[in-house]
Structures are given as C-alpha cells and as structure tokens.
Amino acid sequence: VQLQASGGGLVQAGGSLRLSCAGSGRTFGGYTIGWFRQAPGKEREFVVFTSNGGSTYYADSVKGRFTISRDNAKNTVHLQMNSLKPEDTAVYYCAASGLLRSDDASRYPYWGQGTQVTVSS
C-alpha cells in the first residue's frame with residue numbers, strides 16, 4: 001500500500017487543522033492506519049491509530065483534541081486536530097500496518113512522506 005499525507009500548515013495556538021492520508025490499493029480497508037509525529041531533535045512518537053475494524057486509540061497528549069476517522073470507500077483517513085498547542089509542532093506521518101492494533105512505529109512497514117504542522121504561540 002502507498003500512502004500520501006497532506007493538510008499540514010501554519011496555525012496559531014488554539015487553532016485547527018485537518019490532515020488527510022490517502023492510500024492506494026483495494027486492500028486499504030484491511031490495514032490499521034496510524035499517525036505518528038516527529039519534532040526536531042526528538043524521536044518519532046505515536047499519535048493515534050484506527051484499526052481495520054474502526055477501533056481507535058489515542059496518545060494521552062492528544063486525547064480529547066484530535067479525532068481520527070476513516071473512509072475505506074475513498075481509501076482515506078483524516079486526522080482532525082483542534083485546540084492545537086505549540087508542542088504539537090512536528091512532521092506528521094501516516095503509516096499502515098497489517099497488525100490489528102499497534103502504537104509501535106516499528107510495526108508499521110508502510111509510510112507516507114510526512115506533512116509539516118507548525119503551531120505558533
């Protein structure tokens with residue numbers, strides 16, 4: 001599966017952005033799709049995933065502010081990010097895994113190219 005992330009940009013603290021992850025292939029719906037992010041000088045960290053069954057799991061740092069949704073008919077996953085904070089600034093990546101549920105980046109063999117999110121204070 002090939003993935004392409006989009007929707008990043010510059011936003012003020014408290015604002016919102018909606019990221020999209022577009023996938024190719026008829027088996028897109030069978031994958032767990034995760035979002036990860038990497039800030040400068042930091043390791044890549046888990047944000048959220050949606051499993052092929054539609055279950056979701058959020059990192060504590062984004063719970064209540066971010067919402068993930070998927071549309072398998074359109075091979076797309078969206079990440080709605082509200083109440084953004086400067087510490088959310090990072091490159092955001094979407095990734096696909098054949099595992100049912102995982103917050104471990106090493107379990108995701110397929111990655112998109114990343115989209116930059118910058119939140120100004």
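These are my notebook entries on a few spots I looked up in this structure, which is a predicted model.

**Entry 1: the disulfide**

I began with the cysteines. How many disulfides does the count come to? The count comes to one disulfide. Cys 21 and Cys 94 form it, and their sulfur atoms are 2.2 Å apart. A handy reminder for myself: a disulfide is a covalent bond between the sulfur atoms of two cysteines.

Next I looked at the twist of the link between Cys 21 and Cys 94. The angle about the S-S bond is 75 degrees, and the link is right-handed. The pair joins distant parts of the chain, with Cys 21 in strand 3 (residues 17–23) and Cys 94 in strand 9 (residues 90–97), 73 residues apart.

Are these cysteines buried or exposed? Cys 21 has 0% relative accessibility, so I noted it as buried. Cys 94 is also at 0%, so it counts as buried too.

**Entry 2: the nonpolar core**

I turned to the largest nonpolar core, which has 33 residues. I wanted to know which members touch the most other members, and they are Trp 35, Val 47, Phe 66, Leu 79, Met 81 and Tyr 92. Several strands give two or more residues to this core, among them strand 1 (3–6), strand 4 (32–38), strand 7 (66–71) and strand 11 (115–120). Which strand gives the largest share? That is strand 9, with five residues. I also wrote down a background point: in soluble globular proteins, nonpolar side chains tend to be buried together.

**Entry 3: Ala 96**

I stayed with strand 9, since Ala 96 is found there. Its relative accessible area is 0%, so Ala 96 is buried. I checked its distance to Tyr 31: the two are 65 residues apart in sequence, and 5.9 Å apart in space from C-alpha to C-alpha. Leaving out residues up to four places away in sequence, I found that Ala 96 touches Val 1, Leu 3, Tyr 31, Thr 32, Ile 33, Tyr 108, Pro 109 and Tyr 110.

**Entry 4: Ser 51**

Where is Ser 51? I found Ser 51 in the loop between strand 5 (45–50) and strand 6 (56–58). I then asked whether this loop residue is buried or exposed. Its relative accessibility is 1%, under the 20% cut-off, so Ser 51 counts as buried. Setting aside neighbours within four places in sequence, Ser 51 is in contact with Tyr 31, Thr 32, Arg 70, Leu 100 and Arg 101. I had already met Tyr 31 and Thr 32 among the residues that Ala 96 touches.

**Entry 5: the aromatic rings**

I found nine aromatic pairs in the structure. For Phe 46 and Phe 49, the ring centres are 5.9 Å apart and the planes are at 55 degrees, so I logged this pair as tilted. Phe 49 also pairs with Tyr 57, with centres 5.8 Å apart and planes at 35 degrees, so this pair is tilted as well.

Phe 46 and Phe 49 are both buried, and Phe 49 has a relative accessible area of 3%. Tyr 57 has 38%, so I marked it as partly exposed. These three rings belong to one aromatic cluster, together with Phe 36, Tyr 93, Tyr 108 and Trp 111.

My last look was at Arg 44. Its charged end sits over the ring of Tyr 93, 4.0 Å from the ring's centre. Arg 44 also lies over the face of Trp 111, at 4.6 Å from the ring centre.

Conventions. Residues are numbered from 1 along each chain as its sequence is written. This is a predicted model: local features need pLDDT of at least 70, side-chain atom pairs count only at pLDDT 80 or more; totals for chains, interfaces and linings use all residues. Side-chain values use heavy atoms; hydrogens and water are left out. Helices (H or I, at least four residues) and strands (E, at least two) are DSSP runs, numbered from the N terminus. Buried means under 20% relative accessible area, exposed over 50%, partly exposed in between (1.4 Å probe, protein chains only). Contact means heavy atoms within 4.5 Å. A disulfide is a pair of cysteine sulfur atoms within 2.5 Å. A nonpolar core is a set of buried Ala, Val, Leu, Ile, Met, Phe, Trp, Tyr and Cys residues joined through side-chain atoms within 4.5 Å. Rings of Phe, Tyr and Trp (its six-membered ring) pair if their centres lie within 6.5 Å; planes under 30 degrees apart count as stacked, over 60 as edge-to-face and the rest as tilted. A charge sits over a ring if NZ of Lys or CZ of Arg is within 6 Å of the ring centre and within 35 degrees of the ring normal.
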